[in-house]
Amino acid sequence: MLPIRRAVVLHAARTSRHLLTRVASPRPVRSSLYTTSARLRQNAFHSQLENTPDAAAFLSSSVPKVKKTPQNLVEKIVQRHSVDLPEGKTVKSGDYVSLRPQHCMTHDNSWPVATKFMSIGATQIKDNRQVVMTLDHDVQNKSESNLKKYRQIEEFAKTHGVDFWPAGTGIGHEIMVQEGYAWPGTLCVASDSHSNHYGGIGCLGTPVVRTDAASVWATGRTWWQVPPTVRLTLTGVLPPGVTGKDVIVALCGLFNKDEVLNHIVEIHGSEETLKSLPVDYRLTIANMTTEWGLLGCLFPIDSVLQSWMRAKATTAAMLNPEQAEKGRLTHERVDKVFENPLTADPGATYAKSLYLNLSTLSPYVAGPNSVKVATPLKDLEPKDIKINKAYLVSCTNSRASDIASAARVFREAEEKGLPAKVAPGVEFYLAAASKANQEAAEATGDWQTLIDAGCKPLPAGCGPCIGLGAGLLEDNEVGISASNRNFKGRMGSPKALAYLASPEVVAASALQGKIAGPGWYENTSGVDKVIIGEGVGDMTADISTSIEDALEKLISQADDLIAKSENSFSGAAETAAETAAEPEETLTELYPGFPEKIEGEIIFCDADNVNTDGIYPGKYTYQDNISVEKMAEVCMENYDTAFREIARPGDILVSGFNFGTGSSREQAATSILAKQIPLVVAGSFGNIFGRNSINNALMGVEVPRLVERLRETFRGDDKVPTRRTGWKLSWDVRRSRVSVTEKDGASWDVKVGELPPNVQEVIASGGLEAWVKKQISN
């Protein structure tokens, strides 16, 4: 009888769906901003998804159809690159997998990675075709120590037969795309947080840290947990004068509540919409999704990409005919990509669905000193914000097309009879993303136009973007840049103000001496406000999704009721006492020698989004001879210079949400350890910081309630960046509970996430590097 009851419930649900659709259609729908739209349909009852005529037919279907679990594009690519999966395993978000990436790129940190590689006892790179080394970050530094490091990297690459790109060739991420290492439908990693860049051409790029890179060199693989995926639907088309940079700056500023933190985003849209986004715009957007809090980005493998790749393959064949059939960028390889391009399955699951109407966008500017503050250019221009420095640099926006946009600004000024020169008192720095991009810009005359206008050329490389070399911001200066980060102190002095904008806005600002645009924007939508929201941006589809979500919840609840009835029918019902009883506390097994409790006094850094530049300044990142004492001294320097005097050994550092966002530098974790702080507590962590912490034996635990309680308590006091609280914290690792004793003696505790024994073992060993070395020796 019970199966018949189930069929009746499902029939009622189907009927409800038709009724709800008819009733709901005339209702006005309001955009629901910043909300989750989880659509869990995999393995739903087949009678719900197919037309089952009646209960008898339901009963007669003795063998249910087995359907392949639908996958989104992220899951499909990860499936391709996962090794040692159980037979029949379908990779889904949340799974831990062992990955064999197509390529692993390291840059100036290649020598520290090589040092780790050798220290664990490895002598040979597992697959030298997998590894790519580039020199790009500190290319202006001609000191003997830096030149020695560069020689060591080059010699190591030559010894192991690894592809090596010397200083001046270009920024590693640009080289990966330009030279065909990053490839649609594949997965590549790099020891740099802007590996998201590769998603602009449909290649899943995600960052790893130095220790992970050493593991890839030695074994060909690394571990990864598949992040949740956000579906971002773009609608409309970009208006004239709006660029890819404006898209991502707007996204960072409008969805600025960590809605997508530690996710990967898949970009969807109509053919018309996607045609308004050329590949160079897509690369810019993908690159800066790092600042949006994402671990990766994927644009579709579509006709726009195909045309771009055909042009690249043709150019490669013309420039190097003997390699036309043997190189990485060949028409044969392109053919294989588009014979059967990867796409997400219908019904694939996404953690969230968001949309942005491109037609309603206008030029945007980020800052000062935050990517989460985004302002329409039209609102900033009347404020007459004077600038001292401008920058057209970085892998984000310094390709030939970007240089052409900047040059056009000065050419148009000359055509109008205006001075086509950088404004007095302004310095405009120019560095191409690669040597090839510079040569292309030179061939069109765009490079010379900018030099004639007064730009100061720099070698192809990261330079000012990472806070290295010439042209850094000084105290009280204002700068505007086409790069990806404007964190306080990243591009120079912490006392400077930094803004981010498109290449043409940067150029127009340099021309006028203040934040300004070139006047190219045309409002074609008639709308003065950006249209964004939850869902896919289509009223009918969003209504349908909402109804299906509600129905699926009802069906799930009905199924639970039926399951309980079946248990009761078979005599398996729980007693009332058992139902009311509290669940037994589960104790975590302790790795031998691991402390059962970690205790200390709380030092509170009251800020969200404390980034890696704030924790450990970029100017020290590529100096490999920094002592432990110096690391401790500069820890949190860009966040609060007083931290060095306030913090004491044994303190427990507590901060806000998204702590450790930013780059992949391991020193963000090791400098805290150098300060003899054993534990960091936050409302949430940036994923890459969490990975670095485990790999380097720094403990961390998320306790949102503690952050909220501290803010509530000290709200009325003077706002200070770093505060000694007088509160005590104790983390009981075995019980997975944090106990807090406030200054007045009041105490409370809260359940926290488990620290499993395998992670304890890595920490107890002194980090992943020491753990791997121990495994090899054993």
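**Exercise 1. The second largest pocket**

Task: In this predicted model, work out how much space lies in the second largest pocket and which elements line the pocket.

Solution:
- Start with the volume: the second largest pocket holds about 910 Å³ of space.
- Next, look at the lining. The second largest pocket is lined by 33 residues, and the closest to its centre are Gln 178, Glu 179, Lys 312, Thr 315 and Leu 329.
- Now assign the lining to elements. Two or more residues each come from α7 (172-178), α11 (279-288), α12 (303-319), α15 (400-415) and α16 (435-444).
- Among these contributors, α12 gives the most, with seven residues.
- Finish with the chemistry: the lining has 15 nonpolar, nine polar and nine charged residues.

**Exercise 2. Cysteines without a partner**

Task: Find how many disulfides the structure holds, and explain why Cys 188 and Cys 395 are not bonded to their closest cysteines.

Solution:
- The count of disulfides is zero.
- Take Cys 188 and look for the closest cysteine sulfur. That sulfur belongs to Cys 203 and lies 3.9 Å away, too far for a bond.
- The cut-off to hold against this distance is 2.5 Å between the sulfur atoms.
- Repeat for Cys 395. Here the closest cysteine sulfur is in Cys 462, at 6.3 Å, again too far for a bond.
- Then check the surroundings. Cys 188 counts as buried, at 0% relative accessibility, and Cys 395 is buried too, at 6%.

**Exercise 3. Rings and charges**

Task: Count the aromatic pairs, classify the pair of Phe 685 and Phe 689, and find which arginines lie over the faces of Trp 183 and Trp 223.

Solution:
- Begin with the count, which comes to 13 aromatic pairs.
- A pair of rings is described by the distance of the centres and the angle of the planes.
- For Phe 685 and Phe 689, the centres are 5.9 Å apart and the planes make an angle of 15 degrees. Planes under 30 degrees apart count as stacked, so Phe 685 and Phe 689 form a stacked pair.
- Both partners are buried: Phe 685 has 10% relative accessibility and Phe 689 has 2%.
- Ring pairs can also build a group. Trp 111, Phe 117, Phe 156 and Trp 217 are linked in this way into a cluster.
- Turn to the charges. Arg 333 lies over the face of Trp 183, 3.7 Å from the ring centre, while Arg 691 lies over the face of Trp 223, at 3.9 Å.

**Exercise 4. Helix α26**

Task: List the buried residues of helix α26 and describe the phi of Ala 697, which follows the helix.

Solution:
- Helix α26 covers residues 687-695, and its buried residues are Ile 688, Phe 689, Arg 691, Asn 692, Ser 693 and Asn 695.
- Two of these names should be familiar: Phe 689 from the stacked pair and Arg 691 from the face of Trp 223.
- After α26 comes Ala 697, with a positive phi near 70 degrees.

**Exercise 5. Apart in sequence, compared in space**

Task: Place Ala 632 and Thr 69 in the structure, then give the C-alpha distance from Ala 632 to Leu 673 and from Thr 69 to Lys 92.

Solution:
- Ala 632 sits in helix α23 (residues 628-634). Its relative accessible area is 12%, so Ala 632 is buried.
- From Ala 632 to Leu 673 the sequence separation is 41 residues, and the C-alpha atoms are 7.9 Å apart.
- Thr 69 belongs to the loop between α3 (55-60) and α4 (73-81). With a relative accessible area of 15%, Thr 69 is buried.
- Thr 69 and Lys 92 are 23 residues apart in sequence, with 9.1 Å from C-alpha to C-alpha.

Note on methods
Residues numbered from 1 in each chain as written. Predicted model: local features only at pLDDT ≥ 70, side-chain atom pairs only at ≥ 80, totals over all residues. Heavy atoms only, no water. 1 Å grid on protein atoms, 1.4 Å probe; cavity = no way out; pocket = protein on both sides within 12 Å on 5 of 7 lines; lining within 4 Å. Points joined across faces, edges and corners; volume = space filled by probe spheres on them. Helix = DSSP H or I, 4+ residues; strand = E, 2+ residues; numbered from the N terminus. Nonpolar A, V, L, I, M, F, W, Y, C, P; charged D, E, K, R; others polar. Buried < 20%, exposed > 50% of the residue type's maximum accessible area, 1.4 Å probe, protein only. Phe/Tyr/Trp six-rings, centres within 6.5 Å; stacked < 30°, edge-to-face > 60°. Lys NZ or Arg CZ within 6 Å of the ring centre and 35° of its normal.
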